[in-house]
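This report covers the annotated sites, one helix and the domain layout. Please keep the model open while reading.

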Amino acid sequence: MKQPVHIAVTGAAGQISYSLLFRLAAGALLGPEQPIILHLLEIKPAMPALQGVVMELQDCASPVLHGIEITDDPKVAFKDADYAFLVGARPRTADMERKDLLQVNAAIFSVQGKALNEVASRNVKVLVIGNPANTNALIALSNAPDLKPENFSCMTRLDHNRALSQVAEKCGVLVTGVKNVIIWGNHSGTQYPDIHHAKVKDQDVLALVGHDWFENTFIPTVQQRGATVIKARGQSSAASAANAAVDQMKAWALGTEQGKWVSMGIYSDGSYGIEPGLMYSYPVTVTDGKISIVQGLHINDFSHQKMLLTETELKEERDAIRALLA
Ligand code: NAI
């Protein structure tokens with residue numbers, strides 16, 4: 001039997017985790033042959049609720065789940081972690097401005113970055129989901145000097161999946177028939193969902209759907225999808241976010257399909273003229289756990305402007321929390 005891998009999940013009593021943990025316990029990340037041990041991190045007030053989640057995990061009688069540890073100490077949660085899903089974050093409340101949200105989360109993610117640095121596996125894959133995800137990931141990695149920036153990514157897979165679905169519906173095909181949409185930039189309203197390189201059964205998507213639908217329907221629909229779900233459901237996307245978290249980590253761990261790419265927020269190396277060192281979402285492929293940005297795509301003026309706009313927002317976010325970047 002394989003040795004268990006250690007998977008840390010923060011915000012383990014929250015909504016996203018309530019879907020994510022049960023997917024993990026069902027073997028959705030690495031398959032039914034790979035045992036896992038879950039390390040669940042919460043803040044003290046949420047511990048009673050977390051106990052309930054643990055009981056339900058136990059009641060699944062999962063053959064994959066070989067152990068559960070719960071704690072409010074990041075150094076316990078991240079000990080020897082091979083995979084870390086950083087879901088927990090402080091939501092924005094009515095009295096908070098965006099910069100307050102950045103600050104309060106920056107404090108959480110600097111502590112967690114330091115703990116990962118001290119105790120996680122040197123090959124840990126850290127996926128930041130809690131918002132503002134890109135900037136939280138930047139803070140975590142800059143507080144983990146003994147890990148590499150390549151140990152960190154932030155989640156834009158939900159946006160990517162939303163884009164795939166919108167195109168599939170418009171073109172009347174199954175989502176498996178659509179490939180190579182891109183989410184550029186920030187996981188926020190400024191993200192740029194791009195279909196210039198997307199294909200439906202080897203036909204150019206843009207030629208099929210037209211620029212007007214792309215610019216005036218597709219882009220705002222994908223950008224605003226999170227807000228639209230909140231309006232309808234009264235709560236933010238949770239099951240689809242958990243699904244995307246599994247998708248993104250699985251692609252990172254096991255690789256991407258031949259000829260297809262996915263979107264991931266990663267540490268910019270300056271590709272496509274984006275400032276190096278920002279956590280920026282790019283089209284990527286993964287082989288043997290190594291993420292590579294898809295190179296050589298033609299970027300027209302329309303795309304370039306939109307890529308700059310979301311880059312500018314990321315620079316502003318970074319500047320607002322610069323003091324916490326170690
Ligand atoms: P939630 O509020 O239901 O759960 C968050 C949990 O995190 C709570 O149980 C809270 O106690 C915990 N928490 C807070 N501070 C913590 C800390 N320092 N350490 C450990 N746990 C802590 O929120 P939900 O719906 O599960 O969403 C979590 C985050 O994911 C939010 O920031 C949300 O905006 C973000 N999100 C990101 C998406 C993406 O695509 N990147 C998509 C959807 C949500």
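Where is the place of Arg 92? Arg 92 sits in the loop between S4 and helix H4 (98–119). This is a predicted model. Its mean pLDDT is 96 for the chain, and 100% of the residues reach 70 or more. The scores are ipTM 0.99 and pTM 0.98.

**Annotated sites**

UniProt, in an unreviewed entry, places the feature "binding site" at Arg 92, Arg 98, Asn 131 and Arg 162. These residues span 71 residues in sequence, and their farthest two C-alpha atoms are 24.7 Å apart, so they do not all gather at one spot.

The unreviewed UniProt entry also lists "binding site" for Gly 11, Ala 12, Ala 13, Gly 14, Gln 15, Ile 16, Ser 17, Asn 105, Gln 112, Ile 129, Gly 130 and Asn 131.

How many C-beta neighbours does Arg 162 have inside 10 Å? It has 22, and the cut-off for buried is 20 or more, so Arg 162 counts as buried. The table sets out four of the annotated residues.

| Residue | C-beta neighbours within 10 Å | Class |
|---|---|---|
| Gln 15 | 16 neighbours | partly exposed |
| Arg 92 | 15 neighbours | partly exposed |
| Asn 131 | 21 neighbours | buried |
| Arg 162 | 22 neighbours | buried |

Now their places in the fold. Gln 15 belongs to helix H1 (residues 15–25). Leaving out residues up to four places away in sequence, Gln 15 touches Gln 235 and Ala 238. Asn 131 lies in the loop between strand S5 (125–128) and helix H5 (133–142). Arg 162 is part of helix H6 (residues 157–171). Beyond its neighbours within four places in sequence, Arg 162 is in contact with Val 222 and Arg 225.

**Helix H1**

Which residues of H1 are buried? They are Ile 16, Ser 17, Leu 20, Leu 21, Leu 24 and Ala 25. These residues cover an arc of only 145° around the axis, and therefore lie on the same side of H1. Ile 16 and Ser 17 also appear in the "binding site" list of the unreviewed UniProt entry.

What do the buried residues of H1 pack against? Their partners include four strands: S1 (5–10), S2 (36–41), S3 (65–71) and S4 (83–86). Helix H2 (47–59) and helix H10 (239–254) are partners too. Just after H1, Gly 27 takes a positive phi of about 85°.

**Domains**

The chain is divided into domain 1 (5–154) and domain 2 (157–319). Their centres, taken over C-alpha atoms, are separated by 23 Å. How many residues does each domain bring to the contact? Domain 1 brings 27 residues and domain 2 brings 24 residues.

On the side of domain 1 that touches domain 2, H1, S4, S5, H5 and strand S6 (152–154) each supply at least two residues. The residues of that side divide into 19 nonpolar, five polar and three charged.

H1 thus features twice: its buried residues pack against helix H10 among others, and H1 supplies at least two residues to the side of domain 1 that touches domain 2. S4 is likewise a partner of the buried residues of H1 and a supplier to that side of domain 1.

Notes:
Residues are numbered from 1 along each chain as its sequence is written. This is a predicted model: local features need pLDDT of at least 70, side-chain atom pairs count only at pLDDT 80 or more; totals for chains, interfaces and linings use all residues. UniProt positions are given in the numbering used here, feature names are shortened, and annotations may be inferred rather than shown by experiment. A residue is buried if 20 or more other C-beta atoms lie within 10 Å of its own, exposed if 12 or fewer, and partly exposed in between; C-beta atoms are placed from the backbone. Two residues are in contact if their C-beta atoms, placed from the backbone, lie within 7 Å. pLDDT is the predictor's confidence in each residue, from 0 to 100. The arc is that of the directions from the helix axis to the C-beta atoms. Domain bounds come from an automatic or database domain assignment. Ala, Val, Leu, Ile, Met, Phe, Trp, Tyr, Cys and Pro count as nonpolar, Asp, Glu, Lys and Arg as charged, and the others, Gly among them, as polar.
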